[in-house]
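Hi everyone, thanks for making room for me today. I'd like to walk you through a structure, so let me put it up on the screen.

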Amino acid sequence: MKDKYRVIYAPKGPALEYSPLALNLYVGCSHGCKYCYAPSCMFKKREEYGKEENIYIRDGILDKLQKDLIEMSMLKDRRRVLLCFITDPYQGEYSFNKITSEALALFKAYNIPFQVLTKGGMKAARDFYLYKKGDAYATTLTFYDEKKSEEWEPMAANPKERIKSLRKAKEKGIETWVSFEPVIDPKETYKLFEASKEVVDLYKIGKINNYKQIDKNVDWREFTHNIINLCEKNNKEYYIKESLQPYIS
């Protein structure tokens with residue numbers, strides 16, 4: 001299997017734990033999340049990455065994507081492609097996000113599986129009709145408290161809306177999962193689990209990085225055992241990312 005097509009690629013490091021392949025439709029993101037790793041990956045200052053003038057659709061993205069999907073079909077490459085790692089597929093206004101809709105329509109036309117990971121909330125629901133068997137919808141959940149969520153993710157959908165979008169996806173028969181990464185406050189994560197467990201098939205869980213004070217103040221071993229117990233008690237599938245695996249034993 002190829003590791004690199006034109007715009008579809010095999011991610012590395014922690015991202016590879018989420019998906020064997022990925023696609024970034026845009027450069028930049030308006031959500032302004034404090035913990036976002038994308039600016040450093042793109043060698044840009046955080047405040048610059050979220051400015052409207054620095055957020056744009058990648059040049060020729062749909063044409064290149066179509067060529068990739070044709071090639072994947074020819075190679076019978078059925079690995080699922082995640083949208084998106086260094087941006088969000090649902091941000092800003094619909095006139096911008098319609099590229100996401102067109103991209104998902106191409107995945108459907110060529111019968112290549114995809115999964116969407118977004119903090120855009122119900123903006124994603126308009127495209128649920130494009131999902132087929134093997135596709136998945138996912139959202140990142142960090143805080144149950146809306147004020148804390150707004151502090152850390154100022155322009156993203158609030159947690160209730162994100163959970164509402166998961167509920168809508170489940171009603172449509174779509175596979176769902178949640179990224180509990182980064183975990184910033186374990187108590188908030190436990191609340192989010194209870195609020196979302198009825199509409200989530202899988203939880204992927206990883207701790208916050210690059211925030212030494214938060215990292216130092218959290219008992220990660222206790223959290224890891226607690227979240228595993230919650231998942232198992234409620235018969236929920238889970239994946240503990242490498243950042244937390246040392247705390248399992």
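I'll start with the whole chain, then go to one helix, and finish with some backbone spots.

Before anything else, keep in mind that this is a predicted model. In the chain we've got nine helices and nine strands. How does the radius of gyration fit with a compact globule? For 249 residues, such a globule would come out near 18 Å, and the chain has 18 Å, so the two agree. If you prefer box dimensions, the C-alpha trace spans about 45 × 40 × 30 Å along its principal axes.

Now, inside and outside. Buried residues account for 53% of the 249 in the chain. The accessible surface is about 12300 Å², and carbon and sulfur atoms contribute 51% of that. On charges, there are 43 positive and 36 negative ones, and their mean positions sit 2 Å apart. As for contacts, take those between residues at least 6 apart in sequence: 72% of them join residues at least 24 apart.

Okay, let's zoom in on helix α7, residues 186-196. Its buried residues are Pro186, Glu188, Thr189, Leu192, Phe193 and Ser196. Looking down the axis of α7, those buried residues fall within an arc of 150 degrees, so they line one face of the helix. Here's the textbook background: an α-helix has 3.6 residues a turn, so residues three or four places apart point the same way. And what do the buried residues of α7 pack against? They pack against helices α5 (146-152), α6 (159-171) and α9 (220-233), plus strands β7 (175-183) and β8 (202-207).

While we're on α9, have a look at Asn226, which sits in that helix. Asn226 is partly exposed, at 29% relative accessible area. Its C-alpha is 25 Å from that of Lys147, and the two residues are 79 apart along the chain.

Last, the backbone. The peptide bond from Glu181 to Pro182 is cis, with omega near 5 degrees, and Pro182 is in strand β7. Leu83 to Cys84 is also a cis peptide bond, with omega near -5 degrees; Cys84 is in the loop between β4 (81-83) and α4 (94-109).

Then there are positive phi angles at residues that aren't glycine. Lys76 has a phi of about 55 degrees, in the loop between α3 (61-75) and β4, and it counts as exposed at 67% relative accessibility. Asn111 has a phi of about 55 degrees too. Asn111 lies in the loop between α4 and β5 (114-118) and is partly exposed, at 42%.

Conventions. Residues numbered from 1 in each chain as written. Predicted model: local features only at pLDDT ≥ 70, side-chain atom pairs only at ≥ 80, totals over all residues. Heavy atoms only, no water. Helix = DSSP H or I, 4+ residues; strand = E, 2+ residues; numbered from the N terminus. Rg over C-alpha atoms; globule rule 2.2 N^0.38 Å. Buried < 20%, exposed > 50% of the residue type's maximum accessible area, 1.4 Å probe, protein only. Contact = heavy atoms within 4.5 Å. Areas by Shrake-Rupley, 256 points an atom, 1.4 Å probe, with all protein chains shown as cover. Lys, Arg positive; Asp, Glu negative; His and termini not counted. Charge placed at Lys NZ, Arg CZ, Asp CG, Glu CD. Arc of directions from axis to C-beta.
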